[in-house]
Amino acid sequence: MTHRLSPFLAVMMAVGYAFLYGPIASLVAYSFNASRLVTVWAGFSTHWYVELMHNEAIQHAALISLEIAVTAASGALLLGTMAGYALQRYRRFRGRALFGTLVTAPLVMPEVITGLSLLLLFVALEQAIGWPRGRGILTIAAAHITLGTAYVAVVVEARLAAFDRSLEEAALDLGARPFKVFLVITLPLIAPALAAGWLLAFTLSLDDLVIASFTSGPSSTTLPMVIFSSIRLGVSPQINALATLFLVTVAVLVTGAGRLMRTRDGGR
Amino acid sequence: MSAALRRRAVLALPYAWLVLFFLVPFLISLKISVAESVIGIPPYSALIDTAGGSWGLDLSGESYRRLFTDDLYAVAYLNAIKFAAVSTVFCLLLGYPLAYGIVRAPRRFRSLLLLLVILPFWTSFLIRVYAWIGLLKENGLINNVLLTLGLIHQPLILLNNAFAVYVGIVYSYLPFMVLPLYAQLEKLDPALLEAAADLGCRPWRAFLRVTLPLSMPGIAAGALLVFIPAVGEFVIPSLLGGPDTLMIGKVLWDEFFANHDWPMASAVAVAMLVLLLLPMGLIRRLLQGETA
C-alpha cells in the first residue's frame, strides 16, 4: 500500500510527531538555558550540567538505580526466557492457563496495585520467616524481576513463534542432545529478542517510580524517587540536563543497535 | 534427562517465582483488606486471632464499609474511569491516523517512522510528564508564545487541572495505541481496497466499510493497553492534576503513604482490581490470538 499519502493523513502524521517530540525538544532546549526560570531564555549555558555533576544525591541515586536495573534485567532475562519458551513450546501442561495469566498480567496491572501487594508480601515474609530483613535494593530488584519477566517472556515467545523449527529438528536428527540444540541453534536465533528483552527490563526498572517507592527502604532511594521529589518542589533546569543526558544515551544506544542489526542482516 | 523432566525443570523456576511474587501478594492484599487498621508495625490487626488459646477468624469489613459510604472513594473511582476512557478515545483519534500513515508510507521510511513512535517510550516516563509542566505552566512556553503573538492577553490556566491530566495520559500512552494498530493495519490486504475502488467505492467509504471494520482487533487491543494502566495512574494526576482530578491510584498511594492505613489501601486495590478483571481478561484473549 504505497500510494501517496492524502493531505489529511500527512497533516495528522505531522501533528502526531510534533506532539510526540515537541515536549522533548523543549526539555532539551531549556537544559542549556542560563536562567533558573525554565521559561525565560537568557542565553546558552552549560551551567546546569556542571551543577548536576556536583549533585551527590542524584549521583548516589543513579548508582543505586543502575545496580537494581542490571540485577533486575538479568534475572528477568533468565526467568522470562524460560517462561516464554515454556509458553511457546509446551502446548499442554497442567496449570497452563494460570501460568499464561501470571506471565501476561504484570504487563497491564496498574503499578500501584503491584507495588502495594509486593510490599505486603515482603512484610508478611519478614514476619513469618525473618526474610527479607527490612526493605532495600534486594526487594526492589525482586519486584522489578517480576515485572521484567513478563516483558521478556512476551518478546521471546513472539520470536520463537516466528522461527523455523526445522533447524532444531535437523540438529536433533543428527544426534545432538536437546540442551546442546538449545545452546547452539535456538539461543543464537533468538539472541536479538533476548537483547531487546534485557534492554526493555533494564529501562523499565530504571524508570520505575511507583513500585520502587512501595518496596524501597530508607537506604535505597532510586533515581526516579529523587527526580519525583525534586519535581514536586518545582521545576529545576538540573532535571532538564539530566533528561537530556538520558535522551542522548537512549539515542546513541538505539542508533548503535540499529547499525548492528543492519550489518548482521547483511543489508537485507 | 527425560523430556518430561526437562519440561518440568524449565517451567518450575518461572512458575514458582510468579506465584510467589505475583499471585501470593494479591492474596495477601485481599487478606489485609479485611484486617483492622491499628497503630503498630505492621499497622494492621492479625487476621487469625490466637489469643485465649482458641483460633478464630477476625474479619473486619470496616475498610469496605468506608469504601462504599465515603464519597471520596466513589468520586476518585469514577474519575479514574472517566479520565482513562476519554484519554483512550483521544489516543485512538491521534494514534489511528499515525498508524495508518505509517503503513501507507513508502516502505523504506516505514521502520524509521515506527521507531520514532517507540523511541519516546524508551526514555523516562517521569521526565516526559515533567516536560509538560514546563510547557503548561502559567509562565510556561505555551502561554509565553500565545502572549507574545497577542492571541491572548492573560495567561491561560493549563496546569493542575483536568486538561493537563488528559494531555499527560494521551502523551504517555500514545505508543501503546499506535503499535497494535500498526500491527493490525499492516496485515490488511491492499487488494481489498483495490477491489472496493474498482467497484466504484470512494476512498472514504472504502475506509469506513473495509479498513475500519478489519482493524477492530487492533483498536480493541490498543484501547485496552491504554485504558487499563491509565485507570491506576498515579504519577500523571499527582504532577499535572489539581484538586478536581483525584484518581483512585492517587487515593491508594495517599492511604498508604500519608495515612498509613494499609487495610484501606488494600481495599482500594481490591476494588480497582475487580474493575479491571474484565478488561484484563479481554486483553489476554486478544494478545493470545495474536501469537497462537
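At roughly what angle do the axes of helix H9 and helix H10 of chain B cross? In this predicted model, the answer is roughly 50 degrees, with the two axes coming within 4 Å. H9(B) covers residues 203-214 and H10(B) covers residues 216-231. That crossing angle makes H9(B) oblique to H10(B). If you want to zoom in on the contact itself, pick out Leu212(B), Pro213(B) and Leu214(B) on the H9(B) side, then Met216(B), Pro217(B) and Ile219(B) on the H10(B) side. Sorted by class, the contact between H9(B) and H10(B) has 6 nonpolar residues, with no polar and no charged ones.

Staying in chain B for a moment, let's look at two loop residues and their backbone angles. Asn160(B) has a phi near 60 degrees, which is a positive value in a residue other than glycine. You'll find Asn160(B) in the loop that runs between helix H6 (141-148) and helix H7 (162-186) of chain B. Its relative accessible area is 40%, so Asn160(B) counts as partly exposed. His260(B) also has a positive phi without being a glycine, this time near 50 degrees. The loop that holds His260(B) sits between helix H12 (248-257) and H13 of chain B. His260(B) comes out as partly exposed too, because its relative accessibility is 48%.

Walk on into helix H13 of chain B, residues 262-291, and you reach Ser266(B). Is Ser266(B) buried or exposed? It is buried, because its relative accessible area is 0%. Leaving out neighbours within four places in sequence, Ser266(B) is in contact with residues of both chains: Leu116(A) and Leu120(A) from chain A, and Ser29(B), Ile32(B) and Ser33(B) from chain B.

Now over to chain A. It has 11 helices and 0 strands, so to speak an α-α-α-α-α-α-α-α-α-α-α pattern when read along the sequence. The C-alpha trace of chain A spans about 70 × 65 × 35 Å along its principal axes. Of the 268 residues in chain A, 51% are buried. As for how the contacts are spread along the sequence, take the ones in chain A between residues at least 6 apart: 68% of them join residues at least 24 apart.

Phe202(A) gives you a concrete case to look at. Phe202(A) belongs to helix H8 of chain A, and with a relative accessible area of 16% it counts as buried, since the cut-off is under 20%. Thr71(A) is 131 residues away from Phe202(A) along the chain, yet the C-alpha atoms of the two are separated by 8.6 Å. Not counting residues up to four places away in sequence, Phe202(A) touches Leu66(A), Ala69(A), Val70(A) and Ala73(A).

On to the empty space. Rolling a probe the size of a water molecule over the atoms shows where such space is left. The second largest pocket has a volume of about 850 Å³. It is lined by 26 residues, and the closest to its centre are Tyr85(A), Tyr90(A), Pro178(A), Phe182(A) and Arg6(B). Which elements give two or more residues to this lining? They are helix H3 (56-89), helix H7 (166-173) and helix H8 (178-207) of chain A, together with helix H1 (3-33) of chain B. H8(A) makes the largest contribution, with 8 residues. By class, the lining of this pocket divides into 17 nonpolar, 2 polar and 7 charged residues.

Then there are the enclosed spaces: the structure holds 4 cavities of 30 Å³ or more. The second largest cavity has about 50 Å³ of space in it. From chain A, its lining takes Ile24(A), Leu27(A), Ala243(A), Phe246(A) and Leu247(A), while chain B gives Thr123(B), Ser124(B), Ile127(B) and Arg128(B). At least two residues of that lining come from each of helix H1 (7-31) and helix H11 (237-264) of chain A and helix H5 (125-136) of chain B. H11(A) provides the largest share, 3 residues. In terms of class, the residues around this second largest cavity are 6 nonpolar, 2 polar and 1 charged.

Conventions:
Residues numbered from 1 in each chain as written. Chains lettered and ligands numbered in written order. Predicted model: local features only at pLDDT ≥ 70, side-chain atom pairs only at ≥ 80, totals over all residues. Heavy atoms only, no water. 1 Å grid on protein atoms, 1.4 Å probe; cavity = no way out; pocket = protein on both sides within 12 Å on 5 of 7 lines; lining within 4 Å. Points joined across faces, edges and corners; volume = space filled by probe spheres on them. Nonpolar A, V, L, I, M, F, W, Y, C, P; charged D, E, K, R; others polar. Axes fitted to C-alpha atoms, helices over the stretch in contact; angles between N-to-C directions. Parallel < 35°, antiparallel > 145°, perpendicular 65-115°, else oblique. Contact = heavy atoms within 4.5 Å. Buried < 20%, exposed > 50% of the residue type's maximum accessible area, 1.4 Å probe, protein only.
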